[in-house]
Amino acid sequence: MNRSILMALTISGLFQACSGQDKTLTVGDHVPVFSLHDQNDSVFNSTDYVGKEILVIYFYPKDESSGCTKEACSFRDSYKDFVQEGAMVVGINYGTVESHKKFAQNHQLPFTLLSDPDNKVLKMFGVKKKFFITGRETFIVDKTGKIVFTYDSFTNGPAHEKEALAFIKKMQTG
């Protein structure tokens, strides 16, 4: 193997090991068990919802940023459709409980926003950074606790809602 390629692979592997991020969860993997505080400072335990609802878990970089606001508002605008399909929408990032509360109030977000200040849950899911910024990925978890759909588009936040809702509707009729 070419020495420069081997060196690049080694550096890449060391970077991933130091970042603490495992492999990205994919279709067929079980959702990790986690607990985080929501925008109302209540504890959200993933085990309380697995088996009862389809979970749409989306990771986004930052409250009030342009792309993240468009993404959140897209989920807000289709929220009733998700609920009608038996799905619960959950947004997660490193923001504080207070930041999430303001974000939810400013944009009338009817769904749960979880504070992951140390990015522990983000790392459990293996969400990778893009351009030194927290990644933007969506995971759909069925009632058995298995991931049945993933979507990764860093630059097109609103597409996450569209792709997730289309998949759930197809899953329900399928």
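Let me start with two phenylalanines, F75 and F82, both of which are buried. In this model, which is a predicted one, F75 and F82 form an aromatic pair of the tilted kind, with 5.7 Å from centre to centre and 40° between the planes. The two also belong to a wider group, since Y58, Y60, F75, Y79, F82, F103 and F111 form one aromatic cluster.

Before I go further into the details, a word on confidence and on the overall layout. The chain averages a pLDDT of 88, and 87% of the residues score at least 70. The part to treat with caution is residues 1-21, where pLDDT stays under 50 and for which the model has eleven contacts beyond four places in sequence. Six helices and seven strands make up the secondary structure of the chain, and from the N terminus on they follow one another as α-β-β-β-α-α-β-α-β-α-β-β-α. Of the 174 residues in the chain, 44% are buried, and if we take the contacts with a separation of 6 or more, 68% of them are between residues 24 or more positions apart.

Now to the sheet. Its seven strands form an open sheet with mixed pairing, in the order β2-β1-β5-β4-β3-β6-β7. At the edges we find β2, residues 43-45, and β7, residues 147-152, each of which pairs on one side only, and from one strand to the next the twist averages 30°. Helix α2, residues 66-77, packs on this sheet and touches β3, β4 and β6, its direction making about 165° with that of β3. Helix α6, residues 157-173, also packs on the sheet, touching β3, β4, β6 and β7, and its direction makes about 155° with that of β7.

Let me stay with β3 for a moment. How many of the residues of β3 are buried? Six of its six are, so to speak the full strand, and both faces are covered, with I54, V56 and Y58 buried on one side and L55, I57 and F59 buried on the other. As a general reminder, in a regular strand the side chains alternate between the two faces of the sheet. To β4, strand β3 is joined by six bridges, and the two run parallel; within this pairing, Y58, which we met in the aromatic cluster, stands opposite G91 of β4. To β6, strand β3 is joined by five bridges, and here the two run antiparallel, with V141 in β6 as the bridge partner of L55.

Strand β4, residues 87-93, is in turn joined to β5, residues 112-115, by four bridges, and these two strands run parallel. In that pairing, I92 has L114 of β5 as its bridge partner. One residue of β4 that I would like to pick out is M88, which counts as buried because its relative accessibility is 13%, under the 20% cut-off. Leaving out residues up to four places away in sequence, M88 touches F44, Y49, E53, I54, L55, V56 and T112. As for E53, its C-alpha atom is separated from that of M88 by 6.4 Å, although the two residues are 35 apart along the chain.

Next, a histidine. H100 is found in helix α4, which spans residues 97-107, and with a relative accessible area of 0% H100 is buried. Which residues is H100 in contact with, leaving aside its neighbours within four places in sequence? They are Q39, Y60, D63, N93, G95, L113, L114 and S115; among them, Y60 is a member of the aromatic cluster, and L114 is the partner of I92.

Finally, back to the aromatic side chains, of which the structure holds 15 pairs. Why is the pair of F34 and F125 edge-to-face? The ring centres are 6.2 Å apart and the planes stand at 70°, which is over the 60 degrees that this class requires. This pair links distant parts of the chain, with F34 in the loop between α1 and β1 and F125 in helix α5, 91 residues apart. Both rings belong to buried residues, F34 having a relative accessible area of 3% and F125 a relative accessibility of 0%. One ring has a charged neighbour instead, as R136 lies over the face of F154, at 5.7 Å from the ring centre.

Note on methods:
Residues numbered from 1 in each chain as written. Predicted model: local features only at pLDDT ≥ 70, side-chain atom pairs only at ≥ 80, totals over all residues. Heavy atoms only, no water. Pairing = 2+ DSSP bridges. Axes fitted to C-alpha atoms, helices over the stretch in contact; angles between N-to-C directions. Contact = heavy atoms within 4.5 Å. Phe/Tyr/Trp six-rings, centres within 6.5 Å; stacked < 30°, edge-to-face > 60°. Buried < 20%, exposed > 50% of the residue type's maximum accessible area, 1.4 Å probe, protein only. Lys NZ or Arg CZ within 6 Å of the ring centre and 35° of its normal. pLDDT = per-residue confidence, 0-100.
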